[in-house]
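These questions and answers go through the terms used for a two-chain model. Each answer sets a value against its definition.

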Amino acid sequence: MSVTPFIVLSAILFTIGCVGVLTRRNAIVVFMCVELMLNASNLALVTFSRANGNLDGQVAAFFVMVVAAAEVVVGLAIIMTIFRTRRSASVDDASLLKY
Amino acid sequence: MVAFWILAPIMVVAALGLLFSRKAVHAALLLAVVMISLAILYAVQDAPFLFAVQIIVYTGAILMLFLFVLMLVGVDASDSIIETIRGQRIASILVGLGFGALLVLGVAQVSFGSAVGLDAANDGGNVPALAQLLFTRYVFAFEVTSALLITAALGAMVLAHRERLSPKPTQASLAAQRMRDFAESGKHPGPLPPPGVFARHNAVDTPALLPDGTAAPGSISRVLAARGTVKSVPDIADDVRSFTGDDSTTSSAAITDGSDQ
């Protein structure tokens, strides 16, 4: 099994996640795209772990998952709070600092 | 490698669907497809522990949390197509394409050589080997992780907590309110009548009949009445008559039209 196809797939997924963060308006979907980017980097870590023959990459991927779980909990709580006050989950509506 | 070539197109298509789906729920389900495919790729690449964690933590916990919040926020809270910044979408797609081309070309030019493989590292099993690493070299990071998780849990509790502005209604106050309504506006204090139960219909779209044969307005859900799916009483009478083949009008004469509600 070669390494390059896995890394290329990871790069493609990361790019899709990036474009999603830039284009989507719904805060929850933006968050999902961030998760997609984290997952893509995890794939790269696991692949490099296999390429190098040690498990450090897998441990790093494990830590990424833990941090992602914590981040999702806090992020979704923030989205909920914003939705409660503004009745909207759109990232464009939270623009009070502009004025 | 077969698994990779089967899953890679599925993953890319599902990830693109994440960009183009109008509804957030569809995006969440497509993300689930990507995550489960990733889990299988982990299993292919000698990472059985991460395979399980990916399915349990990511697909099981994180994605379900996403769906919970989607249900709370409202499923039909879809994206607006109006651009706040003019040309932002085109610009970001171009930037994304450029970034992707840069990444893919850069990665493709590097020669990684042949993979060493994890057979030696996974010698005593993947999970013991990972645990060995986690509790020796990465033990400090592991401890810090616990602080992070506690902070996240506390933060979510603080953010999601809502102060109650009015006192919680008790059973006594609710009963007093019902009696006050009855005294002031004559609203019936008891429960609403249940929907009708007839020989052929035992459904919520069938109104109950009052003693004079008219339909009881309170027995039908307001939503059904607004949709116009409530069965009118003469319809039911006709239905029953066609079923029994009896055209005696003893029962239907008493039943007046109740469809006006």
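Q: How many residues does each chain give to the contact?
A: Chain A contributes 63 residues and chain B contributes 68 residues. Two residues are in contact if their C-beta atoms, placed from the backbone, lie within 7 Å. This is a predicted model, in which local features need pLDDT of at least 70 and side-chain atom pairs count only at pLDDT 80 or more, while totals for chains, interfaces and linings use all residues. Residues are numbered from 1 along each chain as its sequence is written, and chains are lettered from A and ligands numbered from 1 in the order in which they are written.

Q: What makes up the side of chain A that touches chain B?
A: Helix 1, helix 2 and helix 3 of chain A each give two or more residues to that side. Helix 3 of chain A has the largest share, 22 residues. Helices (H or I, at least four residues) and strands (E, at least two) are DSSP runs, numbered from the N terminus. By type, the residues of this side are 44 nonpolar, 13 polar and six charged. Here Ala, Val, Leu, Ile, Met, Phe, Trp, Tyr, Cys and Pro count as nonpolar, Asp, Glu, Lys and Arg as charged, and the others, Gly among them, as polar.

Q: Why is helix 2 of chain A called roughly parallel to helix 2 of chain B?
A: Their axes cross at roughly 10° and come within 11 Å. Axes are lines fitted to C-alpha atoms, for helices over the stretch in contact, and angles run from 0 to 180 degrees between N-to-C directions. Angles under 35 degrees count as roughly parallel, over 145 as roughly antiparallel, 65 to 115 as roughly perpendicular and the rest as oblique. The pair is therefore roughly parallel. Residues making this contact include Ile28(A), Met32(A) and Leu36(A) on one helix and Leu31(B) and Val34(B) on the other. The contact divides into 15 nonpolar residues, one polar and one charged.

Q: How do you know whether helix 2 of chain A is enclosed or uncovered?
A: A residue is buried if 20 or more other C-beta atoms lie within 10 Å of its own, exposed if 12 or fewer, and partly exposed in between. In helix 2 of chain A, 22 of the 26 residues are buried, so the helix is largely enclosed by the rest of the structure. Helix 7 of chain B is hardly covered, with zero buried residues among its 15.

Q: What is the expected span of helix 2 of chain A, and what is found?
A: The expected span is 1.5 Å times one less than the number of residues. For the 26 residues of helix 2 of chain A this gives 38 Å, and the end C-alpha atoms are 38 Å apart, so the two agree.

Q: What makes the largest nonpolar core a core, and which residues touch the most other members?
A: A nonpolar core is a set of buried Ala, Val, Leu, Ile, Met, Phe, Trp, Tyr and Cys residues joined through C-beta atoms within 7 Å. The largest has 68 residues, and those touching the most other members include Leu13(A), Met32(A) and Leu18(B). Helix 2 of chain A gives the largest share of this core, 15 residues.

Q: Why is Asp46(B) called buried?
A: Asp46(B) has 21 other C-beta atoms within 10 Å, so it is buried. Asp46(B) lies in the loop between helix 2 and helix 3 of chain B. Although not a glycine, Asp46(B) has a positive phi of about 60°.
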